[in-house]
Amino acid sequence: MGDQIPHYPTAIAQVRHLILKEDLEELTRHVAWIGTANGHHWDGEARVVIDLLRAMPVGARSRLAALLPIDHQDGTEASVLPRLIAEGLTLGAVDKARREMLEHYGRRYAVDAPEPLVWMAEAERAAGREVPEAAVAVIRRSALAA
């Protein structure tokens with residue numbers, strides 16, 4: 001994917017494809033890349049991505065918002081993407097989805113691409129909550145396998 005500006009028709013087609021495929025992990029990585037590549041601006045053509053994500057079923061939207069990084073990868077400012085996706089969801093829906101997903105991931109041995117799992121763990125820590133030990137173990141094993 002690199003640091004290039006996204007070709008929006010292609011990026012949007014990929015978002016649609018991943019939504020239909022229900023591949024939240026890859027969708028998370030793809031949308032995070034679009035955000036980084038477009039300087040974290042979600043207006044203009046990038047607004048279509050937000051509209052597609054908001055049209056997802058509530059449960060999937062909550063899980064997607066929980067999987068996304070809470071800060072830009074360069075650490076310059078807080079990411080607005082999880083908030084944009086979660087807009088209109090009940091208070092705590094994203095936190096509940098994050099905790100459930102961390103428990104789910106904790107039952108695995110490892111994951112191929114641990115970024116979303118790491119981002120969820122960072123969000124839990126930022127909220128002052130402990131990350132389940134089993135999820136921490138999966139992160140460690142995944143990092144070693146990568």
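Reader: Hi! Can we start with H40: where does it lie?
Author: Sure! H40 lies in the loop between α2 and α3. Helices here are DSSP runs of H or I with at least four residues, strands are runs of E with at least two, and both are numbered from the N terminus.

Reader: Before I go on, what kind of model is this?
Author: This is a predicted model, where local features need pLDDT of at least 70 and side-chain atom pairs count only at pLDDT 80 or more, while totals for chains, interfaces and linings use all residues. Residues are numbered from 1 along each chain as its sequence is written, and side-chain values use heavy atoms, with hydrogens and water left out.

Reader: Cool. What about the phi of H40?
Author: H40 is not a glycine, yet its phi is positive, about 65°.

Reader: And is H40 buried, partly exposed or exposed?
Author: H40 counts as partly exposed, because its relative accessibility is 23%. Buried means under 20% relative accessible area, exposed means over 50%, and partly exposed is in between (1.4 Å probe, protein chains only).

Reader: Which loop is E22 in?
Author: E22 sits in the loop between α1 and α2, and α2 covers 24-37. E22 also has a positive phi, about 60°, without being a glycine. With 68% relative accessibility, E22 counts as exposed.

Reader: OK, zooming out! How many helices and strands does the protein chain have?
Author: The protein chain has 8 helices and 0 strands. Read from the N terminus, its elements go α-α-α-α-α-α-α-α.

Reader: How do you describe two packed helices?
Author: You give the angle between their axes and the distance between the axes.

Reader: So at what angle do α1 and α3 cross?
Author: Helix α1 (residues 8-21) and helix α3 (residues 47-54) cross at roughly 10°, and their axes come within 10 Å. That makes α1 roughly parallel to α3. The axes are lines fitted to C-alpha atoms, for helices over the stretch in contact, and angles run from 0 to 180 degrees between N-to-C directions. Under 35 degrees counts as roughly parallel, over 145 as roughly antiparallel, 65 to 115 as roughly perpendicular and the rest as oblique.

Reader: Which residues meet there?
Author: From α1 you have I12, V15, R16 and I19, and they meet V48, V49, L52 and L53 of α3. By class, this contact of α1 with α3 has 7 nonpolar, no polar and 1 charged residues. A contact means heavy atoms within 4.5 Å. For the classes, Ala, Val, Leu, Ile, Met, Phe, Trp, Tyr, Cys and Pro are nonpolar, Asp, Glu, Lys and Arg are charged, and the others, Gly among them, are polar.

Reader: At what angle do α2 and α7 pack?
Author: α2 and helix α7 (residues 115-126) pack at about 80°, with axes 9 Å apart. The two helices are therefore roughly perpendicular to each other. E25, T28, R29 and A32 of α2 make the contact with E115, P116 and W119 of α7. By class, that contact of α2 with α7 has 3 nonpolar, 1 polar and 3 charged residues.

Reader: New topic: where is D51 found?
Author: D51 is in helix α3, and D51 is partly exposed, with a relative accessible area of 41%. D51 and M101 are 50 residues apart in sequence, and their C-alpha atoms are 24 Å apart in space.

Reader: Last one! What share of the residues in the protein chain is buried?
Author: Buried residues make up 44% of its 146 residues. The C-alpha atoms of the protein chain fill a box of roughly 40 × 35 × 30 Å along the principal axes.
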